[in-house]
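Reader: I have a model open on my screen and would like to know how its labels are earned. Could you take me through a few of them?

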Amino acid sequence: MRDPVEGGLPHGGRLQQVACDYGIALGDWLDLSTGIAPWPFELPPIPLRAWACLPETGDGLHAAACGYYGVSQLLPVAGSQAAIQLLPRLREHSRVGVLSPCYAEHAHAWHQAGHQVIEITDAEVEAQLPGLDVLVVVNPNNPTGRLCRREQLLAWHAVLAERGGWLLVDEAFIDITPELSLAAESERDGLIVLRSFGKFFGLAGARLGCVLAATPLLQALADRLGPWTINGPTRTVAAHCFADIAAQQQQRERALQASQRLAQLLAAHGLAPKGGCALFQWWQGAQAAALHDFFARRGVLLRLFAGDSSLRVGLPADEAQWQRLAGVLKEWVDE
Ligand SMILES: Cc1ncc(COP(=O)(O)O)c(C=O)c1O
């Protein structure tokens, strides 16, 4: 039975529903529908007190997160999604540009909070910027993988900040290329950087994200969220992962290799990706819906974006998964 209050926009990773729709047992699927790294970090032992006591902020999570992101302050939230939904509530009625297509929750949240939202393409930013109060950029973008240069983003930020505007940069997929992040600039007024813990560390169920911004904005968010937003076990796990530099290096290397291999595999089967980043590849073409269905009938789940007829393909975790994906691709070509 489905949770009666589950709802919202479509996302990758909703395997239970798909398993039902296609009549294939849950355990028989290869889920490539998300951009979550398929190699979850090892979990440290979780002390009983992490479950039994109310979490305290001086427990090391903040320091470990600041060290990892290279900042002196941030606000941990229960997934960057929590910040995506709350940030629009902190502004008076605004004109909000969302660089699109991108993660659909951004436009949705600003819209729901009563703001005027316009979805714009990269090419339209310069022309639209003078009329905007807020610009939202997912970087690298999900699902297209498009990357904006730091200098470009900072130039847009300067224009917006001059009149009390915001540049909101969602860096959910940037951990593999941290040199491209705006984290180090995030104390500038009007610049907000969102980071997601779940994707790079492969632990999306922990529900953790971090907001990097100037103190007054972090304070306003914290006031709205109230105490204990991150549960004790997640705090323990995240503090451990943020400090494990060797595992981070290994994760970066294997994601980069897998992403390249995925692009080559798709291209070898006539499906050369149009974009992508270290955690997924993105393909666009008239047959996206047919491909999605063809793969799903064989128990391989891709993420379909029906609106622009495109597919996002996540990384296989191991050789058996690579072989399975390659097998279905071959079948597609043969048919
Ligand atoms: C671009 C982007 N930002 C933010 C999120 C939210 O992630 P989380 O709440 O797990 O940090 C997602 C989830 O897929 C995403 O794709």
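Reader: What makes the approach of S196 to the ligand a polar contact?
Author: An N or O atom in the side chain of S196 is 2.7 Å from an oxygen atom of the ligand. A polar contact is a pair of N or O atoms within 3.5 Å; within protein, one must be able to donate a hydrogen and the other to accept it, and residues adjacent in sequence count only if both atoms are side-chain atoms. At 2.7 Å, S196 meets that limit, so the term applies. R207 also has a side-chain N or O atom 2.7 Å from a ligand oxygen, and for K199 the distance is 3.0 Å.

Reader: Good to know! What kind of model is this, and how are residues numbered?
Author: This is a predicted model, where local features need pLDDT of at least 70 and side-chain atom pairs count only at pLDDT 80 or more, while totals for chains, interfaces and linings use all residues. Residues are numbered from 1 along each chain as its sequence is written, and side-chain values use heavy atoms, leaving out hydrogens and water.

Reader: Which residues come nearest to the ligand?
Author: Of the 14 residues around the ligand, they are S80, N142, D170, S196 and R207. A residue counts as near if one of its heavy atoms lies within 4 Å of the molecule. Helix α4 (residues 80-86) gives the most to this shell, with three residues.

Reader: Why is H157 called buried?
Author: Buried means under 20% relative accessible area, exposed over 50%, and partly exposed in between (1.4 Å probe, protein chains only). H157 has 5%, which is under 20%, so the label fits. H157 is found in helix α7 (residues 150-162). Helices (H or I, at least four residues) and strands (E, at least two) are DSSP runs, numbered from the N terminus. Leaving aside neighbours within four places in sequence, H157 is in contact (heavy atoms within 4.5 Å) with L167, R188, D189, G190 and L191.

Reader: How do you know that strands β2 and β8 pair?
Author: Two strands pair if DSSP finds at least two bridges between them. Strand β2 (residues 75-77) and β8 have three, in the antiparallel sense, so they qualify. Strand β7 (residues 191-196) also runs antiparallel to β8, joined by four bridges. G209 in β8 is the bridge partner of V77 and of S196.
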